[in-house]
Amino acid sequence: MITSMSRNSLYGKMEEKDYYNPPASFANCPGIVRVTRDLPPAHYLFQINSFSLLAEEESIEKYESGLFEAGGYKWKLLLYPKGNKNRNGNGCISLYLQIAETETLPLGWQINVNFKFFVFDQIRDKYLTIEDAGAVKRFHQMKTEWGFDQLLLLECFNDASNGYLVDDSCTFGAEVFVIEQKANWECLSMIKQPDNNTISFKIENFSTLDQKYYESPPQTIAGLKWYMLILPILFYVQYDFMKLPS
């Protein structure tokens, strides 16, 4: 099930990348990437012993992991050992990331996240990673969980030769990267030739002005730049005879 596909030179070193060869039923899941790697997940791992007992327990539809922190927020994993039947997860392992303790977040909160899930291959000592390639998921009050309805086929997962379930034990994990909204931004305003050669300058809360004067943005009339100066008591129009470049 694991095939070595390529060796790429990275800063003079050889880096091996292994790609998971998914069953045919997963071929129609565009954008879902399954890759193996040696490095464990950066944020969370949880091991399940006696997985068969968990899967056979009729009263347990899903398992909620303990809380873990990533990006300054609290999270947990929701595992459906028999698949989430409400989301076409029959015959599969379903796994979701849910944000926790939302009652402590400010009103109107939203968090943009890039995340991936892990399943440990105990035979090859590697981690299968599953992610929606390049996708950023937005968590908010009306959408507190994201994940995969068909993480792995149960037939594939239960086959001990694949290494995911060995001696009735398995390990799942997650990496969660919060994208901070700190990007620089700018605003471009285009100045249009004023109608009827007039200049307009709107000032809010005039009675609270505390500067000696206020200057309007320049406006062009008859090839000249004009602007308006407003004083608390008096105002006048001043013009600049410098013509605009042709």
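## Exercises on a predicted model

K137 has a relative accessible area of 17% and therefore counts as buried (buried is under 20% relative accessible area, exposed is over 50%, and partly exposed lies in between, with a 1.4 Å probe and protein chains only). This is a predicted model, in which local features need pLDDT of at least 70 and side-chain atom pairs count only at pLDDT 80 or more, while totals for chains, interfaces and linings use all residues. Residues are numbered from 1 along each chain as its sequence is written, and side-chain values use heavy atoms, with hydrogens and water left out.

### Exercise 1: confidence

Task: Find which elements of the protein have the lowest and the highest mean pLDDT.

Solution:
1. Start with the whole protein: its average pLDDT (the predictor's confidence in each residue, from 0 to 100) is 81, and 78% of the residues score at least 70.
2. List the elements: there are two helices and 17 strands (DSSP runs numbered from the N terminus, helices being H or I with at least four residues and strands E with at least two).
3. Compare the means: strand β1 (residues 2-10) is lowest at 37, and strand β7 (residues 73-80) is highest at 97.
4. Look at the stretch around β1: residues 1-17 stay under 50 in pLDDT, and the model gives them 30 contacts beyond four places in sequence (contact means heavy atoms within 4.5 Å).
5. Residues 235-246 are also below 50, with 24 contacts beyond near neighbours in sequence.
6. Where pLDDT is low, the predicted coordinates should not be read in detail.

### Exercise 2: two residues of β11

Task: K137 and H140 both lie in strand β11; state which residues each one contacts beyond four places in sequence.

Solution:
1. Locate the strand: β11 covers residues 137-140.
2. For K137, the contacts are I111, N112, V113, F115, D132 and W146.
3. One of these, D132, also meets K137 side chain to side chain in a polar contact of 3.1 Å (a pair of N or O atoms within 3.5 Å; within protein, one must be able to donate a hydrogen and the other to accept it, and residues adjacent in sequence count only if both atoms are side-chain atoms).
4. For H140, the contacts are W109 and Q110.
5. H140 has a relative accessible area of 19%, so H140 is buried.

### Exercise 3: the nonpolar cores

Task: Which residues have the most contacts inside the largest nonpolar core?

Solution:
1. Apply the rule: a nonpolar core is a set of buried Ala, Val, Leu, Ile, Met, Phe, Trp, Tyr and Cys residues joined through side-chain atoms within 4.5 Å.
2. The largest core has 40 residues, and W75, F157 and F172 have the most contacts inside it.
3. Take F172 as an example: its contacts beyond four places in sequence include Y44, F46, L79, I93, F118, L151 and F157.
4. A second, separate core has five residues, among them I199, I221, M228 and I230.
5. I199 lies in the loop between β13 (169-178) and β14.
6. Beyond four places in sequence, I199 touches Q219, I221, W226 and M228.
7. The C-alpha atoms of I199 and P218 are 9.2 Å apart, although the two residues are 19 apart in sequence.

### Exercise 4: the partners of β16

Task: How many bridges join β14 and β15 to β16?

Solution:
1. β16 spans residues 224-230, and five of its seven residues are buried.
2. Strand β14 (residues 214-215) runs antiparallel to β16 and is joined to it by two bridges (strands pair if DSSP finds at least two bridges between them).
3. In this pairing, E215 has L229 as its bridge partner.
4. Strand β15 (residues 219-221) is also antiparallel to β16, with three bridges.
5. Here I221 stands opposite L224.

### Exercise 5: positive phi

Task: D125 and D168 have positive phi values without being glycine; decide whether each is buried, partly exposed or exposed.

Solution:
1. D125, with phi of about 55°, is in the loop between β9 (110-121) and β10 (126-132).
2. Its relative accessible area is 53%, so D125 is exposed.
3. D168, with phi near 65°, is in the loop between α2 (154-158) and β13.
4. Its relative accessible area is 25%, so D168 is partly exposed.

### Exercise 6: cysteines

Task: How many disulfides does a search of the whole structure find?

Solution:
1. Set the test: a disulfide is a pair of cysteine sulfur atoms within 2.5 Å.
2. The search finds zero.
3. C92, at 3% relative accessibility, is buried, and C170, at 0%, is buried as well.
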